[in-house]
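Let's walk through this one together, question by question. Have a look at the model first.

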Amino acid sequence: MTLTLADLHPVLGLRIAAGPLELRGITDDDLLGLCALARDGIHPPDQMPFYVPWTDAEPGALVRGTAAYHWSNRAEYSSSAWALELGVWYDGVLVGSQGLRTRRFLTTRTGETGSWLGRAHQGRGIGTRMRQAICAFAFDHLDAAEVTSGAFVDNPASLAVSRKVGYRDNGRQRLERRPGELAVNQQLVLTPGALVRGDPLEVEGLPAFRRLVGLDGADPLP
Ligand SMILES: CC(C)(COP(=O)(O)OP(=O)(O)OC[C@H]1O[C@@H](n2cnc3c(N)ncnc32)[C@H](O)[C@@H]1OP(=O)(O)O)[C@@H](O)C(=O)NCCC(=O)NCCS
């Protein structure tokens, strides 16, 4: 039998569609487009929405670092710590990325969402749709009990998306964002009954992904 890349890494066979939105595992070909989107800008240079200020890197380091992050994330998949990193397409156009990061998911049943869109694609409701899709996927298809998020208090778009999708505030943290720069981070939590749903999901490639992360008790990775 001929092997496919999805046999080697089942995330590459995962597809979640919701109306005009599609979330898919990121192939190396997709990575080229994703790195170009990141290089072309995610936020104004004087802002920093991310915990790790990876978008401060100069363009060459930024694209290589983005690719290296995705390659390393694939290589390090295990049932005890995995980050589902999906590309986001809207009307067939690659617009950004949506993640769900977990630790000890089989016990904790929780994961933290993280996402970004290229600047040209922001402010059109796509961020809300992709968050609704990943949360519905986590609850309905991965048996999550809650989903968390966190956003710096100077990131109104991310906080607005969280609130529209049904997350509630869950405390604040004082963090160092860039060297020497204090930033307050708002923590948020969403439970299944509070999710404000978007378009219904159509999911492909689920059984192999569930096996990869040790759900269904089959072949958990070490
Ligand atoms: C956060 C992000 C993914 C949201 O996606 P998006 O497509 O822009 O979001 P949406 O259009 O679905 O919704 C944005 C909401 O924020 C609101 N908003 C945006 N800027 C705002 C501001 N300055 N003040 C108040 N509300 C604001 C919008 O009005 C909208 O709410 P509404 O639909 O009720 O009007 C996107 O903006 C992004 O990639 N930002 C940079 C990276 C980032 O911040 N990632 C998240 C890290 S926690």
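A crossing is called left-handed if the near helix is turned anticlockwise from the far one by less than a right angle, and right-handed if clockwise. The model is a predicted one, where local features need pLDDT of at least 70, side-chain atom pairs count only at pLDDT 80 or more, and totals for chains, interfaces and linings use all residues. Residues are numbered from 1 along each chain as its sequence is written, and side-chain values use heavy atoms, leaving out hydrogens and water.

Q: Which helix supplies the largest share of the shell around the ligand?
A: The shell residues have a heavy atom within 4 Å of the ligand, and there are 21 of them. Strand E5 (110-117), helix H5 (126-141) and helix H6 (156-165) each give at least two; helices (H or I, at least four residues) and strands (E, at least two) are DSSP runs numbered from the N terminus. The largest share, 6 residues, belongs to H6.

Q: At what distance from an oxygen atom of the ligand does a polar side-chain atom of Lys 164 lie?
A: Polar contacts here are pairs of N or O atoms within 3.5 Å. The side chain of Asn 155 has an N or O atom 2.8 Å from a ligand oxygen. For the polar side-chain atom of Lys 164, the distance is 2.6 Å.

Q: Are H5 and H6 parallel, perpendicular or oblique to each other?
A: Axes are lines fitted to C-alpha atoms over the stretch in contact, and angles run from 0 to 180 degrees between N-to-C directions. H5 and H6 pack at about 50 degrees, with axes 9 Å apart. Angles under 35 degrees count as roughly parallel, over 145 as roughly antiparallel, 65 to 115 as roughly perpendicular and the rest as oblique, so H5 is to H6 oblique.

Q: Is the crossing of H5 and H6 left-handed or right-handed?
A: The handedness follows the clockwise or anticlockwise turn of the near helix. For H5 and H6, the crossing is right-handed.

Definitions and conventions: Polar contact = N/O pair within 3.5 Å; in protein donor to acceptor, adjacent residues only side chain to side chain.
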